[in-house]
Structures are given as structure tokens and as C-alpha cells.
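These are my notebook entries on one chain. I set down what I looked up, in the order in which I took it up.

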Amino acid sequence: MSLSIKQSNAFQVNSRPVSVDFFAKEGVLNFLTGPNGAGKTTFFTYLKTHRNFYQGFEATFMDQAAFNPLTDMRVKDALAVVEEEVPGARPWQEIEAARNLEIEKLLHKNSRHLSGGENQKLKLVLALMRPFDLFFGDEPLQNLDQKNQSLVYSLFEQ
């Protein structure tokens, strides 16, 4: 299976209309590349708000912005919210990537005090807890050290 989205004047970047011609093939890593300001993050935002394009696929997103809840929240509480509130969510303990990224070391930390790499690990695990066919990651490797970048890249290859 594959996902194909085609729409003229789908959104605007720098006051200019942008048309979408997007194709993602199942079973391979699909990358969206382009210079800064080209509209990649805007495209992700567009996809999140136009779920009718998914053609029966379930999608999850890992945003570029830091995880920043409205209240002070420990990591274990953020994980519990997804597990309890998202239909079909898997417990983080069942996700191999959570173990590999050593998320258990962060459980008692306040989410506002996470380093950039720790924040990235949490966002990845939160996205992986949700049921999905398509995973969209906006800069999924940012702030991760070389070891964790390799772990995440291996995860995506699987």
C-alpha cells in the first residue's frame, strides 16, 4: 500500500500558495527534504489537520517543537495520559524503543526540565505509543547524541 496526496493551493508559505504532490511508499523510509522555510513543518501541520487524506491509514506525528504541557508534569504522568486517553495506545513498557532509549531513567523528571535530547526521546515514545500505520517525524533526530540517533534510525528502518 502507499499514500498519495495531491491538492492544488493546499496552504501558504510566506504568503505564496503551495500545492501538495506527496507520495509515500509502504515498507521504506520516506523523507521530506528541502531548504529552511520551504514549508516542510507547515506541510506536517497541514497533514495533522486534514486527516481525510490518509486513505484509511492511521497516522501519528512527532513534532519538531519541544514537549511542553500546560501544567508541570512528570514524564511518567505524560506517558500515563497517552496510555489512558488514547484509544488503542500501547503501554510504554511494551515499546522496545522506550527500553533502548532508556526512558525509565526519565520517569520522575519534570517534563519542563528535560534536556533537548531527553525531550526528543519522550516525544518519540509518546508518538510510538499511539496506534499508527504512518509515522511522521519532523526533525526526529534533533538534539540526540550519536548513539541515540543510531538507535532511532535503526527503529525507523525496522
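Before listing neighbours I fixed the term: contact means heavy atoms within 4.5 Å. I also note that I am working with a predicted model.

**Entry 1: Gln-93.** I located Gln-93 in the loop between α2 and α3. With a relative accessibility of 44%, Gln-93 counts as partly exposed, since that class lies between 20% and 50%. Setting aside neighbours within four places in sequence, I found Gln-93 in contact with Glu-83 and Arg-99. I then looked up a pair distant in sequence: Gln-93 and Val-125 are separated by 32 residues along the chain, and their C-alpha atoms lie 9.9 Å apart.

**Entry 2: the nonpolar cores.** I asked which residues have the most contacts inside the largest nonpolar core. That core has 24 residues, and the ones with the most contacts inside it are Val-75, Leu-79, Trp-92, Ile-103, Leu-122, Val-125 and Met-129. Three helices, α2 (75–85), α3 (96–100) and α4 (116–129), each supply at least two of its residues. The largest share, seven residues, comes from α4. I followed Met-129 further: residues up to four places away not counted, it touches Leu-79, Val-82, Glu-83, Gly-88, Ala-89, Arg-90, Trp-92 and Ile-95. A second, separate core has 19 residues, including Leu-3, Val-13, Phe-22 and Phe-44.

**Entry 3: α2 against α4.** I listed the buried residues of α2 as Val-75, Ala-78, Leu-79 and Val-82. They lie on the same side of α2, because they cover an arc of only 95 degrees around the axis. The spacing accords with a general rule: an α-helix has 3.6 residues a turn, so residues three or four places apart point the same way. On the face turned away from the buried side of α2 I found the exposed residues Glu-84 and Glu-85.

I next asked what the buried residues of α2 pack against. Their partner is α4. The two helices pack at an angle of about 20 degrees, and their axes are 9 Å apart. Angles under 35 degrees count as roughly parallel, and α2 and α4 are therefore roughly parallel to each other. I recorded the crossing of α2 past α4 as right-handed. From α2, the contact is made by Val-75, Ala-78, Leu-79, Val-82 and Glu-83; from α4, by Leu-122, Val-125, Leu-126 and Met-129.

**Entry 4: α1.** For helix α1 (residues 40–49) I listed Lys-40, Phe-43, Phe-44, Tyr-46 and Leu-47 as buried. These residues cover an arc of only 160 degrees around the axis, which puts them on the same side of α1. I found them packed against the strands β1 (2–13), β2 (16–25), β3 (59–62) and β4 (134–137).

**Entry 5: Asn-148.** Is Asn-148 buried or exposed? Its relative accessible area is 7%, and Asn-148 is therefore buried, the limit being under 20%. Asn-148 lies in helix α5 (residues 146–157). With neighbours within four places in sequence left aside, Asn-148 is in contact with Leu-101 and Lys-121.

**Entry 6: positive phi.** I looked up two residues that have a positive phi although neither is a glycine. For Glu-102 phi is about 55 degrees. Glu-102 lies in the loop between α3 and α4 and counts as partly exposed at 29% relative accessibility. For Asn-143 phi is about 70 degrees. Asn-143 lies in the loop between β4 and α5 and is exposed, with a relative accessible area of 51%.

Notes:
Residues are numbered from 1 along each chain as its sequence is written. This is a predicted model: local features need pLDDT of at least 70, side-chain atom pairs count only at pLDDT 80 or more; totals for chains, interfaces and linings use all residues. Side-chain values use heavy atoms; hydrogens and water are left out. A nonpolar core is a set of buried Ala, Val, Leu, Ile, Met, Phe, Trp, Tyr and Cys residues joined through side-chain atoms within 4.5 Å. Buried means under 20% relative accessible area, exposed over 50%, partly exposed in between (1.4 Å probe, protein chains only). Helices (H or I, at least four residues) and strands (E, at least two) are DSSP runs, numbered from the N terminus. The arc is that of the directions from the helix axis to the C-beta atoms. Axes are lines fitted to C-alpha atoms, for helices over the stretch in contact, and angles run from 0 to 180 degrees between N-to-C directions. Angles under 35 degrees count as roughly parallel, over 145 as roughly antiparallel, 65 to 115 as roughly perpendicular and the rest as oblique. A crossing is left-handed if the near helix is turned anticlockwise from the far one by less than a right angle, and right-handed if clockwise.
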